[in-house]
Amino acid sequence: MKVGIDLGGTKIEVVVLGDENRILFRERVATPQGDYMGILATLVSLVKRVEAEFGVFPRLGVGIPGAVSKQTGRIKNANSTCLIGRDLATDLSATLSQTIVLANDANCLALSEASDGAAAGEDVVFAVILGTGCGGGLVVNGQVLNGVNAIAGEWGHNPLPWPSGKDEMHPCYCGQKGCLETFLSGPGMAAHFEKQDGRKLNAKAIVQAAEAGDDLCQRHLELYAHWLAKGLASVINVVDPDVIVLGGGLSNIELLYRRVPELWGQWVFSDRVDTRLVSAKWGDSSGVRGAAWL
């Protein structure tokens, strides 16, 4: 039995995997916003729910929207900023009996999809989370690459490449301006739309309005596809992956899988682009499956 938790910006999900990675139990709750102690209590509560049904288990994998500093052992680079500087593993261990293993949530997504998901059997897989933040994970020959600084795959905090004169550089929580996350995350999409259109709509509402025929929302999705194509073209130019897998809430925008490959060739340094762009086979539960494998 393998147990994993995906700690996301809007949801926390726990899963129990049995033989052949069958899901035996899954529960999803809202993430307490900006409340570290609330998040800690929610994690403990979910583990206790699993223990009540399946008994005590030895290890717990937790996917986090950030990374663990090799210097301090504390969380860094988290778009859920209340996690930054926290020693989550130690805090959980104070209450729980399990060995706690933390990993970046995009790495968990990449591992899941490269193992038995949409990119199974491929040599080089880049996985993207388009949600509350904009994370990335890289798997090569079945192994997650963490990097010497524990930031491999963190494309979301590179600047938008090849910007046009109309692309506004919004400030990012990391202290920089114009990071890909400020364009491609759900809050980023909404912020640019409000600036351009004046309406205050979240990303889900923008997509729904576009699908219902709203011309301005449709144009904004086309602009979003251009931003994503530029961001992924820069990844292809460096890593040249076989497959790029999209996860997170915005990965459900069907337009992206047609439009982005039509666009990215103008920025990829090659005469042709054979990289495939696919959605996560396991949907928004792919990350929690990867966490269970930790």
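**A chat about helix α1, a serine and two cores**

Colleague: Happy to look at this predicted model with you! Which strands and which helix help to cover the buried residues of α1?

Modeller: Let's begin with what needs covering: the buried residues of α1 include Y36, L40, L43, V47 and V50. The cover over these buried residues includes four strands and a helix, namely β1 (2–7), β2 (11–17), β3 (23–30), β4 (59–64) and α2.

Colleague: How far apart are the end C-alpha atoms of α1, and what span should its 19 residues have?

Modeller: Helix α1 runs over residues 36–54. At 1.5 Å a residue, its expected span is 27 Å, and this agrees with the separation of its end C-alpha atoms, which is also 27 Å.

Colleague: At the start of α1, which residue's backbone nitrogen does a side-chain oxygen of D35 approach?

Modeller: A polar contact needs N or O atoms within 3.5 Å. The side-chain oxygen of D35 comes to within 3.4 Å of its partner, the backbone nitrogen of M37.

Colleague: Now for the backbone. What is the phi of N77, and is N77 buried or exposed, or something in between?

Modeller: Most residues other than glycine have a negative phi. N77 is not a glycine, yet its phi is positive, at about 60 degrees. This residue sits in the loop between β6 (75–76) and α2 (88–93). Its relative accessibility is 37%, so N77 counts as partly exposed.

Colleague: Where is W162, and how accessible is it?

Modeller: W162 is another non-glycine with a positive phi, of about 50 degrees. Its place is the loop between β10 (143–144) and α4 (180–184). W162 counts as partly exposed because its relative accessibility is 38%.

Colleague: Which backbone oxygen does the side chain of S185 reach?

Modeller: S185 lies in the loop between α4 and α5 (186–197). Buried means under 20% relative accessible area, so S185, at 4%, is buried. Beyond four places in sequence, S185 touches G131, T132, G133, L180 and L250. At 2.7 Å, its side chain reaches the backbone oxygen of E181.

Colleague: Which element gives the largest share of the largest nonpolar core?

Modeller: That core has 40 residues, and L130, W155 and L184 have the most contacts inside it. Several elements each supply at least two residues, including β8 (124–130), α6 (203–211) and α7 (215–239). The largest share, 11 residues, comes from α7.

Colleague: What does L184 contact, leaving aside its neighbours within four places in sequence?

Modeller: Recall that L184 is one of the residues with the most contacts inside the largest core. Its partners are L130, C134, W155, Y224, W227, L228 and L250.

Definitions and conventions: Residues are numbered from 1 along each chain as its sequence is written. This is a predicted model: local features need pLDDT of at least 70, side-chain atom pairs count only at pLDDT 80 or more; totals for chains, interfaces and linings use all residues. Side-chain values use heavy atoms; hydrogens and water are left out. Buried means under 20% relative accessible area, exposed over 50%, partly exposed in between (1.4 Å probe, protein chains only). The expected span of a helix is 1.5 Å times one less than its number of residues. Contact means heavy atoms within 4.5 Å. A polar contact is a pair of N or O atoms within 3.5 Å; within protein, one must be able to donate a hydrogen and the other to accept it, and residues adjacent in sequence count only if both atoms are side-chain atoms. A nonpolar core is a set of buried Ala, Val, Leu, Ile, Met, Phe, Trp, Tyr and Cys residues joined through side-chain atoms within 4.5 Å.
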